[in-house]
Structure formats: C-alpha cells, structure tokens
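Biologist: Please take a close look at the salt bridges of this model. Start at the domain interface, then work through the rest of the chain.

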Amino acid sequence: MRILVVGAGIAGSAAAHMLAHDGHDIDVIDSAPEPHAGGYQILFNRTAMRLFRQIGAAEMVNELSTPTARITVARGEKVLTTIATHGYRSARRGDVVGAMSRFAAARVPMRFGVELSGIEQTLDGVTAHFADGTRGDYDLIIGADGLNSTVRRLTLEIDRSYIYDNGRRNLWVNVPGRVAGTTEAAILLGKGAAAQVFPYTDHNETLVLTSINVGRGRTDPQQLRRIAADLLVSAGPKFAAFVDPVRTATSDDMKVTRFAQVRAPRWHARRVVLLGDAAHCIDPLSGAGAHGGLLGAALFADELRRTPSDPAGAAARYARRARPFVRSTQLLTAGILERATARGIAQRVAADRSLIGAALAARPADVPTRSYHAG
Ligand SMILES: Cc1cc2nc3c(=O)[nH]c(=O)nc-3n(C[C@H](O)[C@H](O)[C@H](O)COP(=O)(O)OP(=O)(O)OC[C@H]3O[C@@H](n4cnc5c(N)ncnc54)[C@H](O)[C@@H]3O)c2cc1C
C-alpha cells in the first residue's frame, strides 16, 4: 500500500518505520525546515521505552536521555509524598524527535519543508495537496501532525471544539542550576497554580513548568511569571535560586502554552487516519504523550497487518484498542491538574468527577509485542 505520513514527530516516524518494515511504500513529509533539535524536557515512561526497544531505537534514545529523578510533591515547604520513577528517562524533546526522524529516514524517504495543505478522497484512493502546489496520490494518509493537526481539520473537524481547554496556561522556563546538592524533581502545589521543577540530569539546568488557572481571563505573561515566582518563594529556600530567573525571564527564555487535550470522537475517515497528538493530545504535563504516539503507531501497524486491504477497518480497530488508555490518561491528567489548581468548590467537584471518570475508564495496557528491528 502507498502511504503518506504527515509529520515526522515521534508518532509519525515510528509509524513510518513500522509500516515500511511490513512492506508498505511510505512517504514522510514534515513542514519544519529540518529535523528538530534541543527544546524543553520530555519524560519517557516504561511503556514508551519498551516501544522504542521494539522498533530498535532504544539505544539511540538511551544515548540522548538520562534516568529521571525521583519526584517530591510539596505544598509550601511541607513534603506530601515522593514518587519513584524507576525505568523512566528524560531528554530534550527536540533532540529525540530529530533523532527519531533520522532513524526512520534510514528506511523511508523523508522530506522536510513540505507542508500538507489539502486532502481529496476518491473512491479508490486519496490525493494529498502540498503548499508548494504539487500533489501526490496515495492509498492512505496518516495524520501524525500534532496538536494543531491540518489533517484532522481537513478531514474530521468542523470547528476547534475537539480541543478541551480548562483555562490553565503552562509557563515553561529553563533556569540555570539545580536544587542544591540534588537531582531530585519536585511538584509544587499552590493556590490556583502548580509547578513541575525538573532538573536536566545531564547538565546544570532545570525546567520550571508552572500551570496556572487563569480561567477565562487574558494571558498576561508578566502576571504568569509573577505567579510562578511566588509559588517558588512559597516552597522555601531550596528553590530560591530559581525565583529571579523565572520572574525576569524574557520572551526568548520562556514559552506559554494552553493546557490542551484533543478529545475527538473519531480518529479516522475512510482513507485517512490520525495518530499521536493529532488524534488525542493528552497535554505535555501528562508525561504520556510519547507513550500515546508510539502505542497508536504500534496498534495501527498491528491492525493493518491483519487486514492490509482494509485500512478503514484497521483504523477502527486501532482506535478501539487505544481509546481506553487515551481516555483514562486524559481524564487523569486533567483531573489531577484541575484539582491542584482549583479555585472554589465548583471547580474542585468538576476535577473530582474527572478523576472518578479516569478510575472507571482505566483498563490493563494493550501494548503489542511485535518487534520491528531492521533487517
Ligand atoms: C514542549 C513539549 C514538551 C513535551 N513534554 C512531554 C513529556 O514530558 N512527556 C511526554 O510523554 N510527552 C511530552 N510532550 C508531548 C509529546 O512530545 C508528544 O505527545 C509526542 O511526541 C507525540 O507527538 P506527535 O508525533 O504526535 O506530534 P508532534 O511531535 O507535534 O509532531 C508533529 C509533526 O508534524 C509536523 N507538521 C505539523 N503540521 C504539518 C503539516 N501541515 N504538514 C506537514 N507537517 C506538519 C510538525 O512540524 C511536527 O514535526 C511534549 C510536547 C511538547 C510540545
């Protein structure tokens, strides 16, 4: 089958590698001018690492990452609990995304600087239109083009209502140094705000990622920086060195994102299927985005192998298998964050409802066991 993969992120590159292994004729495009590099910290959980191993990319990911630090959860200066992270690894997201695209490019043609702009489905195929005016004919298009997916917009979405927005904003600042004498990570809880303070374990820098409940208010970066700095102050002298770098961060040193989850009722339409964040972004705070992207790629490849001439059936079965993980992880991530940053009883009750939903939706992991090593 001739397949176009749109997006050379972790989901797209993994899918391209697996489907090429199964004998499909794959093209990959990405609108970025070149493979990604650098960026903020990303966490890979044990399932993500297992899936990297299955495609033969674990050694490469190990080289770019280090074991994740133990996490302390605190309110003010009081430690509430600690979380062990055995088997988790941390890396710069861009470095791993770039390496994954180069890894897949060893097996499939990959073009950077090419943007998908239109999709036309016919009875026996699908045509992709590119922003440079060229086109290509395929049997299947895989949209692995991230949170603001063009493929999703062109095939499934009539408006942006699939994006769940709970009024939280994430402020990302990399600050010099680490908590003195330790590589421990921390989650700090405050009033209407919570922060993940994650040291880069291979160099002397720390990510301070603060989620702030702004409700329907305007996002004023100066106010977000002040709230984040106040939260660090309230956590005591351990975090004092980070206060000024956060308070005075310039637009070059920081990034503001919305908490965003894609909660789409469908992930496929005839000869188009969505994978990774395009289908079901869970929000970077979850620490499960790479897990979700890799899992979706593996499940879809598994299902397409069962019915190679029926991509729509394979897509429907992949979605059924991946949804329990996605639904419970989305509800859990939203519920924990909304509970931690709630303002007032109504918001706390809504968060509790999300957490109960997560508990009810939880199912044993459905992770395929096939190996996709080269050769
Ligand atoms: C800053 C940040 C930090 C994160 N931290 C974590 C973390 O700690 N743990 C975790 O598990 N997850 C984290 N995530 C999420 C995680 O990176 C993703 O969930 C995971 O990598 C899967 O991404 P993806 O491949 O689906 O999409 P993406 O990584 O978003 O890749 C999509 C690709 O599609 C390309 N593209 C977009 N539009 C088009 C178009 N029209 N035509 C062609 N190409 C296009 C983009 O250039 C991009 O390369 C983080 C995400 C971000 C943004």
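Modeller: Across the interface of domain 1 and domain 2, the rule finds one salt bridge. The model is predicted, so every distance here is computed. The partners are E205 and R92, whose side chains meet at 2.6 Å, N to O. R92 falls in the 91-164 segment of domain 1, and E205 falls in domain 2, which runs over 168-258. Polar contacts add to the picture: eleven residue pairs are in polar contact between domain 1 and domain 2, both residues at pLDDT 80 or more. On the domain 1 side that touches domain 2, β3 (41-44), β4 (65-67) and α10 each supply at least two residues. Helix α10 gives the most to that side, with three residues.

Now the wider interface. Domain 1 is built from three segments, 2-67, 91-164 and 260-361, while domain 2 is 168-258. The C-alpha centres of the two domains lie 28 Å apart. The contact draws 18 residues from domain 1 and 27 residues from domain 2. Together the domains bury about 1,800 Å² between them. Of that area, 52% is on carbon and sulfur atoms.

How many salt bridges does the rule count? The count comes to 18.

One of them joins helices. D352 and R339 meet at 2.6 Å, N to O. D352 lies in helix α11 (residues 345-361) and R339 in helix α10 (residues 311-340), so the bridge ties together parts that are 13 residues apart in sequence. Both ends are partly exposed: D352 has a relative accessible area of 28%, and R339 is at 36%. Neither value is under 20%, so neither side chain qualifies as buried.

Two others each have an arginine as the nitrogen partner. Is the pair R152 and E157 buried or exposed? R152 is buried, at a relative accessible area of 2%. E157 is buried as well, at 12%. Their closest N and O atoms are 3.5 Å apart. The pair R135 and D137 also has its closest N and O atoms 3.5 Å apart, but its surroundings differ. R135 is exposed because its relative accessibility, 53%, is over 50%. D137, at 44%, is partly exposed.

Some charged residues form a network. D302, E303, R306, R317, R321 and D366 are linked by salt bridges. When you trace it on the structure, follow the acids D302, E303 and D366 and the arginines R306, R317 and R321.

Last, a stretch of chain outside the two domain assignments. Strand β5 (residues 71-75) and strand β6 (residues 78-83) sit between the domain 1 segments 2-67 and 91-164. They pair in the antiparallel sense over five bridges. Within that pairing, A74 stands opposite V79 in β6. The two strands form a hairpin with two residues between them. One of the turn residues, G76, has a positive phi of about 60°.

Conventions: Residues numbered from 1 in each chain as written. Predicted model: local features only at pLDDT ≥ 70, side-chain atom pairs only at ≥ 80, totals over all residues. Heavy atoms only, no water. Salt bridge = Lys/Arg side-chain N within 4 Å of Asp/Glu carboxyl O. Buried < 20%, exposed > 50% of the residue type's maximum accessible area, 1.4 Å probe, protein only. Helix = DSSP H or I, 4+ residues; strand = E, 2+ residues; numbered from the N terminus. Pairing = 2+ DSSP bridges. Domains from an automatic or database assignment. Contact = heavy atoms within 4.5 Å. Buried area = accessible area lost by both parts, 1.4 Å probe. Polar contact = N/O pair within 3.5 Å; in protein donor to acceptor, adjacent residues only side chain to side chain.
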